[in-house]
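Biologist: I should be grateful for a close look at a single part of this model, namely one strand and its surroundings. Please describe how it is covered and how it is paired.

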Amino acid sequence: MVTRRRLLAAGAAGSAAALGPVGWAASGRAAAAVAPLDAGDIPKYVTRLRIPPAMPTVATGPERDTYEIAVRQFRQQILPPSWPRTTVWGYGSTTHPDSFGYPAPTIVARVGRPVRVTWVNQLVDGRGEHLPHLLPVDPTLHWANPAGGTEGRDRHGRWDGSRQGYRGPVPQVVHLHGAHSGQESDGHAEAWYLPVTRDLPPGFAVAGSAYREFRSRFADHSGLRWAPGSATFEYANDQRPCTLWYHDHTLGLTRENVYAGPAGFYLLGGGGDDLPDGVLPGPTPGREDGPNSAPHDIPLMIQDRSFTADGELRYPRRYSGGDDGPPTWIPGFSAATMVVNGRTWPTLTVRRRRYRFRLLNGCNSRFLLLSVVANATARPARPVLPVWQIGSDGGFLPEPVPHERVGLGPAQRVDAIVDFTDVPAGTELYLVNEGPDGMYGGGRPGVDFAPADPRTTGQVLRFVVTDATEADPSVPPEQLRLPSQPRLGTAQRVRRLSLNERMSGGSMIMLLGVLDERGRGLPLRWSDPVTEQPTLGDTEEWEVRNFTRHVHPIHLHQVQFELLGRGHSGRLRPDPGERGRMDTVLAYPGEVTRIRARFDLPGRYAWHCHLLEHEDNEMMRPLNVLPRGGAATGDGGSLGGSVPPLGGPEVPPTASTDAG
């Protein structure tokens, strides 16, 4: 059991325990402007890819695996050796101080075997005093707002005159993205909590408005009560084998908390829907593996980050009212470098064999269009090896799909195989990105938008091919027979929803919403009355109409859904790579995106855009699953309701959807 005394002691030790010492100058740089680092000056491919090992457990019993995982601040070598280290946040095991990293160690789980994690906020220094945020925080958003006290938390805050915007203890709450989780373990945006700290400012709320409710619910069914500064979640792992990931989900602060580093993979394997050992490339990283181990099943967390000349993270700063005003929310940005598993432009040495890559777009706002090429800077890119997609967010596809270019929106995952068997030893290949260096509206690189700068953000990772040392027992991807999954049943309800843009305070903000009786978007904010309230056990179809100019990755908590169609009519068949289960779907401008989901867990959840800057400024809505017999509410009526049908025959996908 985690106690207050233990939290204080662990937190006091945490700042020096991980990857290097940290001081106030690195973590609390207040106002002095530091010049940005020119990404073109950073040497590429001089560092080995870091492969996070498996997260250590604190107990492995007959019923479940148990973890105690904290978030701490430390310094890590993200830029090449001899360049400055970077102050970041990251997760690690409280019983293994050397496990902390960015990204965090991977939680390796099995289908049908529950995992219980106590998540601890240890963002305190060696004296047990709170660490301020690494980045300037806009306190006027609708956000966690601890300074507002119990009455003003989870509301719009006020600026206290600091150029950093907010300098208090940093709230955290962890969401296991894509998991089939009960509401008390979902990482609700209003269930955040502050670290246990010696210098809590007077009047601050120490936890979000939903924290007490979920703490009580967890205690009722488990007999365990959450300690201050922590939350204990249980994941049933009662879903198909798939690639999940965990990250912070604090209301109105997700963009900057995730940008600071805390995120990690959660690989769920085993069960009747998995393939026998040896069929796919393996193994995955193990608990005893070091950060430079060489498994054949490799998670790749791809992110963009910018740095200052002294090596620290750089996030765009804009001040309302000039330099004397508070830092102001920005609607999105593309950073200057590409970072894979916590290192800029690393190199991975591969054998002449097949590899499985769990590709994750962990960027705040950037869309990725990835291919394997021989020339890192030639555009248009000329792929030389196919990327065989075998799975998406929620597990295996119906059959393997070869891609010359694979698209990933923020938070999406692609389970892929790349076959290096016939590549001569000594060959150098590159994983490159042709997504845009700005907001994405769909289409093809070089035709509908300029691709990322081929000198910097257009490059991701180098492969150096070496001779095989042993036979490869895995099955060639074109010969794989993947486990089938039954389709979801008939929907009891159709909801017609909208993605909208509106001017607010001089900025364009994006809002979710419903459709009015004339089919126009009716935008709603996080605090508006709940409109999405499925009945427990029901299957629903959601028709999401995008009235904005941008592609939005739409994420639903609790469920893995099916994509039914998209396009102007909503009847375009999904691309082959989109025909598995998903938890995040790309909604294209001027189109209708149709999904089907079954809601089988009751309680309070959320759905939102996973462009983190959008999510943090109102592009998130409550999703409440009501017990059967609860009052029906909503926006689109039941099947056959009064809203005009979309209509139109199904036709094959067009080039405009290839990137999705």
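**Strand β11 and its partners**

Modeller: The model is a predicted one, and the part I have chosen is strand β11, which comprises residues 263-269. This strand is mostly covered, with 7 of its 7 residues buried; buried here denotes under 20% relative accessible area. In a regular strand, side chains alternate between the two faces of the sheet. In β11 both faces are covered. One side carries A263, F265, L267 and G269, and the other carries G264, Y266 and L268, all of them buried.

The pairing of β11 may be taken next. Strand β4, residues 107-110, runs parallel to β11 and is joined to β11 by 4 bridges. Within that pairing, I107 has Y266 as its bridge partner. Strand β10, residues 242-248, pairs with β11 in the antiparallel sense, over 6 bridges. Here L244 stands opposite Y266. Residue Y266 therefore serves as a point of reference for both pairings, being the partner of I107 in β4 and standing opposite L244 in β10.For comparison, another part of the model holds an open sheet of 4 strands in the order β32-β30-β34-β35, with antiparallel pairing. Strands β32 (584-587) and β35 (620-625) stand at its edges, each with a single partner strand, so one side of each has no neighbour in the sheet. Neighbouring strands of this sheet are turned by 25° against each other on average, direction ignored. Within the sheet, β30 (residues 552-556) and β34 (residues 603-609) pair in the antiparallel sense over 3 bridges, and L556 stands opposite W607 in β34.

Note on methods: Residues numbered from 1 in each chain as written. Predicted model: local features only at pLDDT ≥ 70, side-chain atom pairs only at ≥ 80, totals over all residues. Heavy atoms only, no water. Pairing = 2+ DSSP bridges. Helix = DSSP H or I, 4+ residues; strand = E, 2+ residues; numbered from the N terminus. Axes fitted to C-alpha atoms, helices over the stretch in contact; angles between N-to-C directions. Buried < 20%, exposed > 50% of the residue type's maximum accessible area, 1.4 Å probe, protein only.
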